[in-house]
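Colleague: I would like a close look at a single part of this model, taken slowly and with its surroundings kept in view. Please begin with the confidence of the prediction and then go on to the part itself.

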Amino acid sequence: LRRESDPDQGTDVLVELAARTRDFSKRTGLPASYGPTGEDSVPPVPPAVARQLLTIAQEALENAHRHAGPTRVDVRAGVHGDLLRISVYDDGAGLPPGTNLEHLRRAGHFGLVGMVERAASVGARIRIGRGTLAQGTEVRLELPLAAVTPTTPTEAMP
């Protein structure tokens, strides 16, 4: 069950991410799990920012399915300190050693390059690699909460 976002309230990225993970698993047959992480609740995210974050996560899921040959994919998201972190981990083949963005660009792998560009467009950082795990690939997206928290105008002093 998807919840439509109220443009004034923003998007509940965790609800959308959970729904997309379930849809992906049903559609592909690849076991994919979603779980919240972190200490605090995630604030509503402006719809334009949420769209980019969710598109990146969806692309990470699709890349894992198409290229990595994993047995499972784990999606995690939540607030860690002053960051909204989204992680998509697959236990597949992983990226070839020495892979970097310029190498990917030259080789025509524009999906990963596009993910980096989308992240930058909303002020997020993205890391793609093994992370701390022995195998597979983790796509980790980190967005400063300051980028999604509306600032309340302060009243002028008389």
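What pLDDT does the protein chain average? And with which residues does glutamate 142 form a salt bridge?

Modeller: This is a predicted model, and the protein chain averages a pLDDT of 85, with 85% of the residues scoring at least 70. One stretch calls for caution, since pLDDT stays under 50 over residues 1–7, and for that stretch the model has 11 contacts beyond four places in sequence.

A short outline of the chain will help to place the glutamate. The secondary structure comes to four helices and five strands, which follow the pattern α-β-α-β-β-α-α-β-β when read along the sequence. Of the 158 residues, 39% count as buried, and the chain exposes about 9,100 Å², of which carbon and sulfur atoms supply 55%. Among contacts between residues at least 6 apart in sequence, 63% join residues at least 24 apart.

Now to the part you asked about. The structure holds nine salt bridges, and one of them joins glutamate 142 to arginine 85, with the closest N and O atoms 2.8 Å apart. This pair links distant parts of the chain, as arginine 85 belongs to strand S3 and glutamate 142 to strand S5 (residues 137–144), 57 residues apart. Glutamate 142 has a relative accessible area of 4% and therefore counts as buried, the cut-off for that word being under 20%.

Glutamate 142 also forms a salt bridge with arginine 125, where the closest N and O atoms are 2.6 Å apart. Here too the pair links distant parts of the chain, with glutamate 142 in strand S5 and arginine 125 in strand S4 (residues 125–129), 17 residues apart. Arginine 125 has a relative accessibility of 52%, so it counts as exposed, because that word applies over 50%.

The side chain of arginine 127 meets that of glutamate 142 in a salt bridge as well, at 2.9 Å from N to O. Because arginine 127 lies in strand S4 and glutamate 142 in strand S5, this pair ties together parts that are 15 residues apart in sequence. Arginine 127, at 45% relative accessibility, counts as partly exposed. Salt bridges that share partners thus join Arg85, Arg125, Arg127 and Glu142 into one network.

Strand S3, which holds arginine 85, also turns up in the surroundings of helix H1, and that helix deserves a careful description of its own. The 16 residues of H1 (residues 13–28) should span 22 Å at 1.5 Å a residue, and the end C-alpha atoms are 22 Å apart, so the two values agree. Aspartate 12 caps the N-terminal end of H1, with a side-chain oxygen lying 3.2 Å from the backbone nitrogen of leucine 14. After the helix comes glycine 29, whose phi is positive, near 80°. The buried residues of H1 are Val13, Leu14, Glu16, Leu17, Ala18, Ala19, Thr21, Phe24 and Ser25, and what covers them includes strand S1 (32–38), helix H2 (47–68), strand S2 (73–80) and strand S3 (83–90).

Strand S2 holds aspartate 74, another acidic residue to set beside the glutamate. At 15% relative accessibility, aspartate 74 counts as buried, and a polar contact of 2.7 Å joins its side chain to that of serine 33. Leaving aside neighbours within four places in sequence, aspartate 74 is in contact with Ser33, Ser87, Val88 and Tyr89.

Beyond strand S3, the loop between S3 and helix H3 (101–107) contains asparagine 100. Asparagine 100 has a relative accessible area of 40% and is partly exposed, and its C-alpha atom is separated by 9.8 Å from that of valine 113, 13 residues apart along the chain.

To return to your question, glutamate 142 is buried, and its salt-bridge partners are arginine 85, arginine 125 and arginine 127.

How values were computed: Residues are numbered from 1 along each chain as its sequence is written. Side-chain values use heavy atoms; hydrogens and water are left out. Helices (H or I, at least four residues) and strands (E, at least two) are DSSP runs, numbered from the N terminus. The expected span of a helix is 1.5 Å times one less than its number of residues. Buried means under 20% relative accessible area, exposed over 50%, partly exposed in between (1.4 Å probe, protein chains only). Contact means heavy atoms within 4.5 Å. A polar contact is a pair of N or O atoms within 3.5 Å; within protein, one must be able to donate a hydrogen and the other to accept it, and residues adjacent in sequence count only if both atoms are side-chain atoms. pLDDT is the predictor's confidence in each residue, from 0 to 100. A salt bridge is a side-chain nitrogen of Lys or Arg within 4 Å of a carboxyl oxygen of Asp or Glu. Accessible areas come from the Shrake-Rupley method with a 1.4 Å probe; for residues, only the protein chains shown count as cover.
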